[in-house]
Amino acid sequence: MEQQNHTAESIMELIEQLPKEERNKLHKLLTDIPEVTSELEEYLTEQRFSSGRVCPICGGTHVQRNGRRKSGAQKFICRDCGKTFSITKNTVFSGTRKGLEVWKEYMDCMSEGLSLDKSAERCGISHRTSFTWRHKILDALGKCTDGDSLTGIVEADETFLPVSYKGDKSAFEVKAAGRKPRERGGENHKRGLSNELVCVPCAVVRKGGALSKVAKLGKCSTEAVEKVLGGHVSKEATLCTDEDASYRRFSKRNGNDLVQIKGGKGSVKGIYHIQHLNCYHSKLKSFLAAFKGVSSKYLNNYLTWNNMVVHKGGTLAEKTRRLLENVVAVLFEETCRAVPLKPLIPVLVKNQS
Ligand SMILES: [Zn+2]
């Protein structure tokens, strides 16, 4: 069928031919449509459809405009999967009633490292919404760091953080996890690397990037290193570690040159040392301490926050832009309700006991 290019005038001519009731019905429909698209919608449309319209459900490219929702949001229909969606579909902004300015302000608060309450106050949202937004943003951000490849001189070593059930004191859950809750910031009294500690393998690139994730409870293993660094360290990278056998096995499997530093922390072998990494560990610990203890359940999110925002650095505006751009670029299917439904301890590797 031939597509006609209508103008407001040509449509008006058609409307004049309608019976009275139909014209009245149309009048009501038209006055219900808000005139302007929201700034958030505009921004998302620009970012998501920058190289053509793509369906966020099936990835199809046969996407057409399909009327508007009552809220005024533009609807689209995908001719490949037949589904209709609005531009916020599968983004962290899905279902939001707040505008882009509020979200940007919230990301500014995150760039500044503000608390949930302070962020809530500044953005005019509830404590609960502040919590949900923080973790939706970080969950999305965690997804887009997955493809990062570390190259050049990569310093790697694990760090250990105490298990924390902060915010999850329901007896059933704690019992199911096999231990009593410890108050925030409590010291770990058991000697050695017990299951009271989560093992977090970390890697930093001299030029800037960093990667870290919870791997398991207790001491480190080759498998743990593999799970966190595997697929993220380029073959050309030179790994720089202490004398741990886990990293020796990992670098052999991954095909990396390896320089192991005898004597640990302060030692140097030519240009090789792990001082950037030691510095990363201590900065990470102060970052986490500022939140007065972080629950193990959300630790991966705080690691992402530290790596993508704090460690990468830049001005406040640069940090916020990085947050916004990365969050928009990712397909995010999680609902608000799913945010707290994480395992109490998010391990990648089962403990060998
Ligand atoms: Zn589709």
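The following exchange asks how some labels on this predicted model were assigned.

Author: This is a predicted model, where local features need pLDDT of at least 70, side-chain atom pairs count only at pLDDT 80 or more, and totals for chains, interfaces and linings use all residues. Residues are numbered from 1 along each chain as its sequence is written, and side-chain values use heavy atoms, with hydrogens and water left out.

Reader: Why is Gln260 called buried?

Author: Buried means under 20% relative accessible area, exposed over 50%, and partly exposed in between (1.4 Å probe, protein chains only). Gln260 has a relative accessible area of 12%, so it is buried.

Reader: What makes the link between the side chains of Gln260 and Thr241 a polar contact?

Author: A polar contact is a pair of N or O atoms within 3.5 Å; within protein, one must be able to donate a hydrogen and the other to accept it, and residues adjacent in sequence count only if both atoms are side-chain atoms. The two side chains are joined at 3.0 Å. The Gln260 side chain also reaches the backbone oxygen of Asp242, at 2.8 Å.

Reader: Why is Glu42 called partly exposed?

Author: The relative accessible area of Glu42 is 47%, so the residue falls in the partly exposed class.

Reader: How do you know that helix 11 is largely enclosed by the rest of the structure?

Author: Helices are DSSP runs (H or I, at least four residues), numbered from the N terminus. Helix 11 covers residues 299-311, and 11 of its 13 residues are buried, so the helix is largely enclosed. Among the buried ones are Tyr302, Trp305 and Met308. Gly313, with a positive phi near 70 degrees, follows helix 11.

Methods:
Helix = DSSP H or I, 4+ residues; strand = E, 2+ residues; numbered from the N terminus.
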